[in-house]
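Trainee: I have a fold to go through with you. Could we take it one question at a time?

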Amino acid sequence: MSDKNKKQFGIWMNEHHATVVGREPAETGAFAVLGHASNENADTKPSEKSGNNAEKMHLHKFFKQIDSLIVNAEEIHVTGTGTAQEQFIHYLHATPQFKNTIAKESTSNKMGDDKLIAYITEQFN
């Protein structure tokens, strides 16, 4: 199977925002932005205990938004700032539909959609 037929995705993320790119179904097989996800409640913490629970709940909800964009993923490259990408990869491996997905990670500063597409294309070539 050629790489252009694989379900490959790239994600730039931090604790607040994620941009997901994937291969277009068209003949070119080029990467394009599939969508964005946001964790708007990442900074709200009323008390320590309820704050920790709320943070976990919001992070899980954020990861669910992302995984709805990467259905049947075979390979994923996750990049971004902070620890969100590592947490997301652990989440993927704990999720039955993604347990056989190959996940790689790197660290990069925020980039625009065009730069992200070019970066992810480079990672899968």
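Mentor: Gladly! Keep in mind that this is a predicted model. A good starting point is Gly 80, which stands opposite a residue in E5.

Trainee: Which residue in E5 stands opposite Gly 80?

Mentor: Gly 80 belongs to strand E4, which spans residues 75-80. Strand E4 and E5 run parallel and are joined by 6 bridges. Across from Gly 80, in E5, is Thr 107.

Trainee: Nice. Which are the edge strands of the sheet?

Mentor: The sheet is open and mixed in its pairing, with 5 strands in the order E3-E2-E1-E4-E5. From one strand to the next, the twist averages 20°. An edge strand pairs on one side only, and that description fits E3 (31-38) and E5 (102-107).

Trainee: What angle does the direction of helix H2 make with that of E5?

Mentor: Helix H2 covers residues 84-94 and packs on the sheet. There H2 touches E1, E4 and E5. Its direction relative to that of E5 is about 175°.

Trainee: Why do the buried residues of H2 lie on the same side of the helix?

Mentor: The buried residues of H2 are Ala 84, Gln 85, Phe 88, Ile 89, Tyr 91 and Leu 92. In general, an α-helix has 3.6 residues a turn, so residues three or four places apart point the same way. Here the buried residues share one side of H2 because the arc they cover around the axis is only 160°.

Trainee: And which exposed residues does the face turned away from that buried side carry?

Mentor: Exposed here means over 50% relative accessible area. On the face of H2 turned away from its buried side, the exposed residues are His 90 and Ala 94.

Key
Residues are numbered from 1 along each chain as its sequence is written. This is a predicted model: local features need pLDDT of at least 70, side-chain atom pairs count only at pLDDT 80 or more; totals for chains, interfaces and linings use all residues. Side-chain values use heavy atoms; hydrogens and water are left out. Two strands pair if DSSP finds at least two bridges between them. Helices (H or I, at least four residues) and strands (E, at least two) are DSSP runs, numbered from the N terminus. Axes are lines fitted to C-alpha atoms, for helices over the stretch in contact, and angles run from 0 to 180 degrees between N-to-C directions. Contact means heavy atoms within 4.5 Å. Buried means under 20% relative accessible area, exposed over 50%, partly exposed in between (1.4 Å probe, protein chains only). The arc is that of the directions from the helix axis to the C-beta atoms.
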